[in-house]
Amino acid sequence: MIGVLRRDLALAMRAGGGFGLGLSFFLIVVVLVPFAIGPDTSILGRIAPGILWLGALLACLLSLDRILALDWEDGSLDLLATAPIPLEGVVLMKAAAHWLTTGLPLVLAAPVLGVLLNLPVPGYGWLTLSLALGTPALSAIGAFGAALTVGLKRGGLLLSLLVLPLYVPSLIFGAEIARRGAEGLAIGAALPLLAGISLASLAIMPFAAAAAIRVNLR
Amino acid sequence: MKSIWEFANPKRFMQLSQVSLPWVAGLSVLCLVVGLVWGFFFTPDDFRQGATVKIIYLHVPAALMAINAWIMMLVTSLIWLIRRHHVSVLAARAAAPVGATFTVIALATGAIWGQPMWGTWWVWDPRLTSFLFLFLFYLGYIALWEAIEDPDTAADLTSVLCLVGSVFALLSRYAVLFWNQGLHQGATLSLDKEENISNVFYFPLLVSIAGFVLLFLALVLLRTRTEIRARRLRALMARERLA
């Protein structure tokens, strides 16, 4: 299973595998926001936590179909499905690789982009923490969405339609943590709830995704 | 005692639904006409809300059926995944657009009701927001059915999506409660209350709810029959081509 992880990481790093793509998309979204809203720093500071969360979510969404599409095309998904390791584990490792190549860079880049949006100082720590806790769920849910649409010719748009409603709870809690942190309020129950969603997604989603892959490989 | 699984046989299902469909449809029209006419013309105006309260006879039953349609899809999807009865999953497929329509009706009537009462067409109230999510889930489910060519693959994948979607729909329901306080009133109807609303409004409401349930049943029966016929037609054409 570690082998699968290392293979996916190597593929993402080398073959022009869209490693920096999500990050660049995140940057562009954040840069475009002031043009749409206006350069008023007080307004930008107020909406910064939400914009950063939304941007990270969309950047994550952008690279989801790559989790399985390449393996599906060259047939290595069939080999992985018949390999002696459980398919659920393979999916989990693929989600982990997606998180390491997309989610983690987003988490690290978010505070830097927060400067552009004039994010209030107490918000930086909470924003990074909420993204670090929330993005694993995005990758795990995304792997399920990718598994559902892997056999389709033009699955990209459908993938967004299927996955975005599933992202809603993570977005609500994550953006709430960042917002409360930025305004200096007590964080409350949002933090354990976000972590709970991430843990539950990591535990359950590989099973649903593996079931979907088996159906698609039939 | 016959087993309920007999109706999973498409032939039995077609026979039974052929007999029952006109009755269900007729009863539904009767209930809807009686409930709505009674509600609209023969009940007094509410002393605070005036005549606008009468939209309740459309709003509450539609909202009720929007949720129940999803629950029905959940159950039939489970039956498909466990026992692989084709009629079951076809019924789920047939129910989805009907449920989506009910969701839209509930949202639209709610907006029309909210405008004079709350002074706004839309607020990001937990109930309203969850209904919007429900609509998105319906859309995703229908889109996945449309996108996949092979019927059995489509049935399996949409069923899995329905299960996962149910979990996340519930999760979103409670997440939005956390996120924003509501403007919407509490539940209109619940079984454990002595008197839900004044009987003058209650009885016509019950009749129109019965009408909506029967309407849903009739539409699902009709659409399931269409799906079964379409599938038979496809099988016949495939056989023709082989011969």
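# Questions on the predicted model

Colleague: Where is A:Asn118 found?
Modeller: Helices (H or I, at least four residues) and strands (E, at least two) are DSSP runs, numbered from the N terminus. Helix 6 of chain A covers 87-116. A:Asn118 is in the loop between helix 6 and helix 7 of chain A.

Colleague: Which pLDDT do local features need in this model?
Modeller: Residues are numbered from 1 along each chain as its sequence is written, while chains are lettered from A and ligands numbered from 1 in the order in which they are written. The model is predicted: totals for chains, interfaces and linings use all residues, side-chain atom pairs count only at pLDDT 80 or more, and local features need pLDDT (the predictor's confidence in each residue, from 0 to 100) of at least 70.

Colleague: What is the phi of A:Asn118?
Modeller: A:Asn118 is not a glycine. Its phi is nevertheless positive, at about 60 degrees.

Colleague: Is A:Asn118 buried, exposed or partly exposed?
Modeller: Buried means 20 or more other C-beta atoms within 10 Å of the residue's own; exposed means 12 or fewer; partly exposed is in between, with C-beta atoms placed from the backbone. A:Asn118 has 17 such atoms within 10 Å. Therefore it counts as partly exposed.

Colleague: Which residue of chain B, other than glycine, has a phi near 55 degrees?
Modeller: The residue sits in the loop between helix 2 and helix 3 (86-118) of chain B. It is partly exposed, because 13 other C-beta atoms lie within 10 Å. Its phi is positive. The residue is B:Arg84.

Colleague: How many helices does chain A have?
Modeller: The elements run α-α-α-α-α-α-α-α-α from the N terminus on. Chain A has zero strands. The helix count is nine.

Colleague: What is the radius of gyration of chain A?
Modeller: The radius is taken over C-alpha atoms, and the globule rule is 2.2 Å times the number of residues to the power 0.38. With 218 residues, a compact globule would come near 17 Å, and chain A agrees with that. Along the principal axes, its C-alpha atoms fill a box of roughly 55 × 35 × 30 Å. The radius for chain A is 18 Å.

Colleague: What percentage of the residues in chain A are buried?
Modeller: The chain has 218 residues. Contacts (C-beta atoms, placed from the backbone, within 7 Å) between residues at least 6 apart in sequence join residues at least 24 apart in 82% of cases. The buried portion of chain A is 52%.

Colleague: Which helix holds A:Ala212?
Modeller: A:Ala212 is buried, because 27 other C-beta atoms lie within 10 Å. Not counting residues up to four places away in sequence, it touches A:Phe144, A:Ala147, A:Leu148, B:Leu157 and B:Val160. Its place is in residues 190-217 of chain A, which form helix 9.

Colleague: How many residues are in the largest nonpolar core?
Modeller: Such a core is a set of buried Ala, Val, Leu, Ile, Met, Phe, Trp, Tyr and Cys residues joined through C-beta atoms within 7 Å. Among the residues that touch the most other members are A:Leu52, A:Phe144 and A:Ala212. Beyond four places in sequence, the contacts of A:Leu52 include A:Val30, A:Leu117 and A:Ala178. The residue count of this core is 141.

Colleague: Which helix gives the largest share of the side of chain A that touches chain B?
Modeller: 19 residues of chain A contact 21 residues of chain B. Helix 7 (123-149), helix 8 (155-183) and helix 9 of chain A each supply at least two residues of that side. The largest share, ten residues, comes from helix 8 of chain A.

Colleague: How many nonpolar residues does that side of chain A have?
Modeller: Ala, Val, Leu, Ile, Met, Phe, Trp, Tyr, Cys and Pro count as nonpolar, Asp, Glu, Lys and Arg as charged, and the others, Gly among them, as polar. The side has one polar and two charged residues. Its nonpolar count is 16.

Colleague: What percentage of the residues in chain B are buried?
Modeller: Chain B has six helices and zero strands. B:Val60, in helix 2 of chain B, is buried because 21 C-beta neighbours lie inside 10 Å. Over the 243 residues of chain B, the buried part is 39%.

Colleague: What ipTM does the predictor give the complex?
Modeller: Chain B averages a pLDDT of 85, and 89% of its residues score at least 70. Among its elements, helix 5 (residues 151-179) has the lowest mean pLDDT (87), and helix 2 (residues 56-83) the highest (91). For the complex, the pTM is 0.87 and the ipTM is 0.84.

Technical notes:
Two residues are in contact if their C-beta atoms, placed from the backbone, lie within 7 Å.
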